Structure formats: structure tokens, C-alpha cells
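Please open the structure in your viewer, switch to a cartoon display, and keep the selection tool within reach. The tour goes from stop to stop, each time with something to select and something to look for.

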Amino acid sequence: MIPRIQKRGQRTIGLLYYLYGPGKFEEHTDPHLVASWDHNAPDPGRDPTSTLKQLQQLLDQPVENIDPTERPKKHVWHLSVRNGSEDRTLSDEEWADVARRMVAAAGIDNPEAGPGCRWAAVRHADDHIHIVATLVREDGYKPDLDHDAARVQAQARTLEAELGLRRLNKGDGTAAKRPTSAERHKATRQGRNLTAREELRETVRRAVAGARSDAEFFDRLATAGLLIRKRAAPSGDLLGYKVALPDDLNKDGEPIFYPGARLAPDLSLPRIRERWSGDTPASRQEDAIRTGPGSPAAARRRTASAVWQAVLVVEHGDDAVAAAHIAAAGEVLDALAKTSAAHTRRELRDAAAAFERASRSHVRAVRGHDRALRQAARDLVQGGPALGRGEDGATTAMAIDMLFFLITAAAHWHARKGHAQQAEAAARTAEHLRTAYQAAAAHPLGVLYQRGRRLSRPMLQRQTVLLRDVLPELAEQILAEPGWYALAATIAEIEAAGHDPAALLSDAAARRELGTADSVSDVLVWRMRRTADLPADAPHLPETSTAGTRSATRQATTRPSTPGRRRSGEETSHQTR
């Protein structure tokens with residue numbers, strides 16, 4: 001249940017005409033009154049002897065009765081209360097009770113607190129009602145509406161439980177502004193999947209991922225095709241910006257601009273500048289030397305390493321530093337979605353969009369410590385678009401695998417802090433990453449599976465003994481997984497490269513608990529290949545028959561494993577695994 005207090009107005013009759021009318025797009029059906037302040041207000045919707053003018057005059061009567069100089073300039077209070085599409089349809093009697101409890105919670109009309117304001121609740125659709133009230137009480141005083149929005153939200157959480165509706169999480173005031181009803185209808189009319197506000201928000205977030213200066217940020221916005229207006233002080237210092245889509249016009253044919261802060265709280269220019277505030281010329285030069293020439297695969301390998309280190313920070317670090325890493329994880333997701341191949345792009349974009357809500361909280365991030373993650377986002381953007389196969393595709397799977405653990409750690413961190421909406425958003429992000437991982441990992445793991453199946457029996461026996469010696473608690477589970485052959489092939493490559501497979505296997509397993517993973521072997525494959533600096537994609541295999549290759553690939557990828565999935569029956573916080 002979503003209550004939303006609209007902007008206050010001056011004309012009661014104008015709002016009533018809208019509520020009882022057909023709607024802007026003929027969407028209103030059977031408008032009628034479900035409740036009112038005295039249980040006896042006229043209903044112009046179902047009573048042919050009643051008129052909108054009569055209802056308006058009764059609502060406005062307390063306002064008209066006081067001295068004109070004492071009247072509020074905007075005396076019309078408007079609250080909409082909407083249920084989700086998955087909720088059951090409430091009866092008129094249930095909506096009437098909702099209306100009475102909402103006006104009591106807001107301070108409009110609480111019978112236990114004395115005289116209240118006049119109000120009426122109108123229903124013109126199955127899933128919502130509108131409450132219109134006038135802001136002068138029957139005794140001539142004005143109501144106390146301090147924190148009315150928070151109070152109606154709290155009442156909604158209570159009503160959800162009582163009425164068996166979907167339970168929404170309590171917000172903390174850090175969410176991005178939702179599109180208005182008018183923006184949603186406009187997007188539908190124009191055939192857009194997203195409203196202009198949402199499209200601009202995603203574009204700006206992708207533009208800021210890994211950026212290091214105002215100039216670079218604005219260049220990216222221009223390259224993305226946005227119209228930009230900058231706001232400067234008399235001294236010439238840049239203070240802020242607005243962006244617009246070229247084809248999103250108002251009634252006068254002019255572009256509709258949105259300030260960054262209206263897109264999301266962390267997209268104002270001052271908040272964006274905080275992201276690179278920890279950079280210094282020396283650190284930038286160091287990063288340039290470290291990363292060297294970029295390629296999509298190299299950028300993804302570096303991303304996997306940076307993300308893995310960030311997991312430890314989020315799990316064990318200071319809150320302000322953890323918050324910075326969580327915010328920077330959003331930049332990595334935006335950059336990865338922007339540069340990934342078509343078969344993973346949609347899920348990665350959905351993951352980035354979902355994580356937008358999880359990237360902010362009231363824990364203020366201390367920037368600078370997140371340099372490695374921001375550099376990873378920058379590397380991804382500068383590395384350019386990745387191919388879906390080969391080393392590009394395999395390193396994409398490696399990066400997604402590591403990101404899954406970071407996003408899961410972020411979900412747990414938010415849950416511990418009581419950030420319910422952020423924890424849920426991170427959980428949804430993890431689910432999108434599962435799906436993206438399946439698409440990205442199917443081919444490279446299928447190739448490794450084929451290679452493992454071709455290993456000699458003595459080689460497989462030796463590796464089985466090694467596995468049981470190093471990981472006795474997990475060995476039997478790993479040996480029963482389809483991914484065991486991919487792990488065996490990886491161990492063989494590690495031996496051939498001159499590394500100690502027992503040490504690398506032990507280190508990979510010790511970095512994080514693995515007992516609840518659906519495919520321990522998958523996780524170990526990516527960790528060991530990253531640590532040993534092996535190609536994420538297996539080396540070229542000898543020629544085999546097409547039928548044999550297809551058969552092996554089908555066996556390996558019939559149900560692609562996903563990172564970190566819990567076995568059925570095991571409960572996790574916020575469904576993050």
C-alpha cells in the first residue's frame with residue numbers, strides 16, 4: 001500500500017472535477033464516495049440529486065467561516081492511497097476504513113483528538129482511492145500536519161498486515177523520486193518502457209561511473225545525447241546542472257529539464273564531485289601505470305580482483321568505508337552493463353537499476369577508500385564493449401561471480417543496519433546477477449567441462465586425492481557436481497603453469513565459506529583462475545566431432561550453476577542467496 005501526499009491546492013472544485021471526471025486518459029470508472037467526515041456527505045457519482053458544487057461548498061465551509069486574512073493560501077490537502085497489482089481488490093467498506101485511518105494518522109480528522117477537518121474519499125478504480133480535505137478544522141483552527149507523510153506511511157504498514165496485502169519496507173528518505181502519474185501516462189502514450197525521469201537517471205548514472213572530473217562527466221552526458229544546462233555562480237564557478245531528453249517536450253514544445261538532485265539524491269553536482277574527491281594526481285598516475293593498456297577482458301579481470309577485495313571491506317570494515325564501497329559497486333554494475341554483450345546486457349542493466357536503491361543510505365560514505373572499485377568502473381568503460389565469447393565472455397562470468405558475493409555482502413550489511421528497502425533492492429540485484437551469470441558462464445564452463453572429461457584416468461584420480469586431502473569436508477559434494485570436470489581442468493592448467501595446486505585450492509576455499517554454495521566447483525574455478533592469472537577461457541582444445549562437442553556442452557550447461565545459491569530448505573536474510 002502506497003500513500004502519497006500530493007501538492008496542496010487552492011481550488012477544491014477543480015480537484016473534485018478531476019476525481020469524478022473520466023481522467024486524463026479515460027481511466028476513471030464508476031467514481032463514487034466511499035467515506036467522508038460525517039458519513040453523510042453528498043455523492044455526485046451515484047446520487048443524481050447531488051452535485052460537485054454541493055460537495056465542494058460543504059468541504060470549504062470551515063474555510064469560508066474564518067477571517068479571509070487567516071485562511072491558508074493553499075487549503076486543499078490531497079492524499080492518494082494505492083495498492084500493488086499483486087494485492088487483492090478491497091471492498092468499498094475496506095477502503096472506507098483505510099480512508100478514516102489515514103486521515104486520523106495524518107492529523108486531518110482524528111475523532112479522539114477533538115474537532116477535525118472536513119474530508120471525502122473518492123474511489124474511481126479498483127486499486128486506489130483519493131482523499132481530499134480542507135485545512136481548517138470545524139473549530140476554526142488549522143490542523144497539525146507536521147510529519148504527516150511519515151505518519152501515513154506508518155499507518156500503511158499496519159494496514160498491509162491487517163488486510164493481508166504485500167508488506168512494503170519502511171523507507172528512510174534516501175530513495176530517488178518516483179515518476180509522477182502524468183510522467184507514467186506520457187511514457188505509455190509515447191511507447192517508452194521508462195519515463196523520461198527514469199531514463200535520464202540511468203543515463204546520468206552510467207555517465208558518472210568511473211568519471212574523474214566535471215569535464216569528463218559532462219562530455220559523457222553529451223555523448224549520450226542529453227541536453228545539458230549548467231548553473232554557474234557570478235564568479236563563474238559551476239554550481240549545478242540540468243538534463244533533458246531531446247524528444248521529451250512540454251506543451252510549448254520546449255525540452256523538459258530535470259536537475260540532477262531531482263533524479264536521485266546522489267546525482268546532484270556536489271554529491272557527484274564527492275566520488276572523485278579522494279583522487280590525487282599521484283593516485284591517478286599510479287592507477288594509470290598499474291592498469292596499462294585496456295581491453296575488455298583485462299578490465300574484467302581487474303574488476304574481479306577489486307570486487308573480491310571489496311567483499312572483505314563490506315563484511316569487516318568501518319561503516320563509512322563500507323558505505324563508500326557499496327556506492328562504488330553501483331558504478332561497477334553500471335559500467336559492466338554498459339559494456340557487456342547482448343546476451344547478458346539486459347539482466348545486468350536490470351541489476352544496476354535495482355541496485356540504485358541499495359547504493360544510498362543515511363550512513364555517509366567516506367570517499368577515497370573506494371578508489372579500486374571506481375578505477376575498475378573506469379577500466380570497464382575505457383576497455384569498451386566486450387564480446388560474448390572467448391576471453392571477453394569468460395572474464396565477464398568471472399566478474400559477475402565476484403559481484404554476486406559483493407552484492408550479497410551489501411544486502412547483509414544493509415539488513416544489519418535496518419535498511420530494509422536497500423537490503424531488498426540488493427537481494428533483487430543478486431537475482432538478476434544469477435541470471436546474467438548463467439548466460440555468461442554457460443559457454444566457458446562448458447569448454448572447461450569438455451577439457452576435464454578428456455583428462456586421463458590417472459590424472460583425474462590424482463586430482464581427486466588432492467581434493468580430498470585439501471578440502472575433506474567439501475570433496476564429496478564437489479565430486480558429485482557437474483562442475484567438477486571444469487575444476488579438474490583448471491587444476492591441471494595450474495599444475496602445468498608451475499603453481500602449487502594444493503596451496504591455491506586451499507586459499508580459494510578459505511577466502512569465504514563455501515558449504516552452502518549450490519556449485520562450489522564453479523566458485524573455485526573462477527577464484528583459482530583469477531589468482532593463478534590463467535586465461536578465464538580455456539586454451540584451444542583438440543578438434544572433436546561436432547556431435548561430441550554439443551553433447552558435452554549440453555551436459556555441462558543443462559542447468560548452469562549460479563554463484564552462492566543456497567540449497568532448498570536453508571533460510572537466508574532477505575532471500576539474497
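Begin by selecting strand S5, residues 128–137, which in this predicted model is mostly covered, since 9 of its 10 residues are buried. A residue counts as buried here when its relative accessible area is under 20%.

Keep S5 on display and add strand S3, residues 76–82, to the selection. These two strands, S3 and S5, pair in the antiparallel sense over 7 bridges, and if you label Val 81 you can look across to its bridge partner in S5, which is Ile 129.

Now add strand S4, residues 117–123, which runs antiparallel to S5 and is joined to S5 by 5 bridges. Between S4 and S5 the chain makes a hairpin, and the connection passes through 4 residues. For one pair to label at this stop, take Cys 117, which stands opposite Arg 137 in S5.

The next selection is strand S2, residues 32–36, which pairs with S4 in the antiparallel sense over 4 bridges. Here the residue to label is Leu 33, whose bridge partner in S4 is Val 122.

Which strands stand at the edges of the sheet? To see this, add S1 and view the 5 strands together: they form an open sheet in the order S1-S3-S5-S4-S2, with antiparallel pairing. Strand S1 (2–5) and strand S2 (32–36) are the ones at the edges, and each has a single partner strand, so one side of each is left without a neighbour in the sheet. If you turn the view along the sheet, you can follow its twist, which averages 25 degrees from one strand to the next.

With the sheet still visible, select helix H1, residues 12–20, which lies across S2, S3, S4 and S5 and runs at about 165 degrees to S5. Then select helix H4, residues 148–163, which also packs on the sheet, where it touches S1 and S3, and its direction makes about 165 degrees with that of S1.

Two loop residues are worth a stop before you leave this part of the chain. Select His 147, which is found in the loop between S5 and H4; its phi is positive, about 60 degrees, although the residue is not a glycine. Is His 147 buried or exposed? At 65% relative accessibility it counts as exposed, the cut-off for that word being over 50%. Then select His 39, in the loop between S2 and helix H2 (52–64), where phi is again positive, near 60 degrees, in a residue other than glycine. His 39 has a relative accessibility of 61% and therefore counts as exposed.

Move on to a pair of helices by selecting helix H12 (residues 319–339) and helix H15 (residues 390–417), which pack at an angle of about 140 degrees with their axes 11 Å apart. H12 and H15 are therefore oblique to each other, and their crossing is left-handed. Show the side chains at the contact, including Ala 322, Ile 326, Val 332 and Leu 336 of H12 and Ile 400, Leu 403, Ala 410 and Trp 413 of H15. By class, this contact of H12 with H15 has 13 nonpolar, 1 polar and 2 charged residues.

A second pair to select is helix H20 (residues 501–510) with helix H21 (residues 520–531), whose axes are 9 Å apart and which pack at an angle of about 120 degrees. H20 and H21 are therefore also oblique to each other, and their crossing is right-handed. Among the residues that make the contact are Pro 501, Leu 505 and Ala 508 of H20 and Leu 524 and Arg 527 of H21. The residues of this contact of H20 with H21 divide into 7 nonpolar, 1 polar and 1 charged.

Stay with H20 and select Leu 504, which is buried, with a relative accessible area of 14%. Leaving aside neighbours within four places in sequence, Leu 504 is in contact with Ile 494, His 499, Met 528, Thr 531 and Ala 532. One of these makes a useful distance to display: Leu 504 and Met 528 are 24 residues apart in sequence, and 6.4 Å apart in space from C-alpha to C-alpha.

Finally, clear the selection and look at the whole chain, whose secondary structure comes to 22 helices and 8 strands. Buried residues make up 52% of its 577 residues.

Notes:
Residues numbered from 1 in each chain as written. Predicted model: local features only at pLDDT ≥ 70, side-chain atom pairs only at ≥ 80, totals over all residues. Heavy atoms only, no water. Axes fitted to C-alpha atoms, helices over the stretch in contact; angles between N-to-C directions. Parallel < 35°, antiparallel > 145°, perpendicular 65-115°, else oblique. Left-handed = near helix turned anticlockwise from the far one by under 90°. Contact = heavy atoms within 4.5 Å. Nonpolar A, V, L, I, M, F, W, Y, C, P; charged D, E, K, R; others polar. Pairing = 2+ DSSP bridges. Buried < 20%, exposed > 50% of the residue type's maximum accessible area, 1.4 Å probe, protein only.
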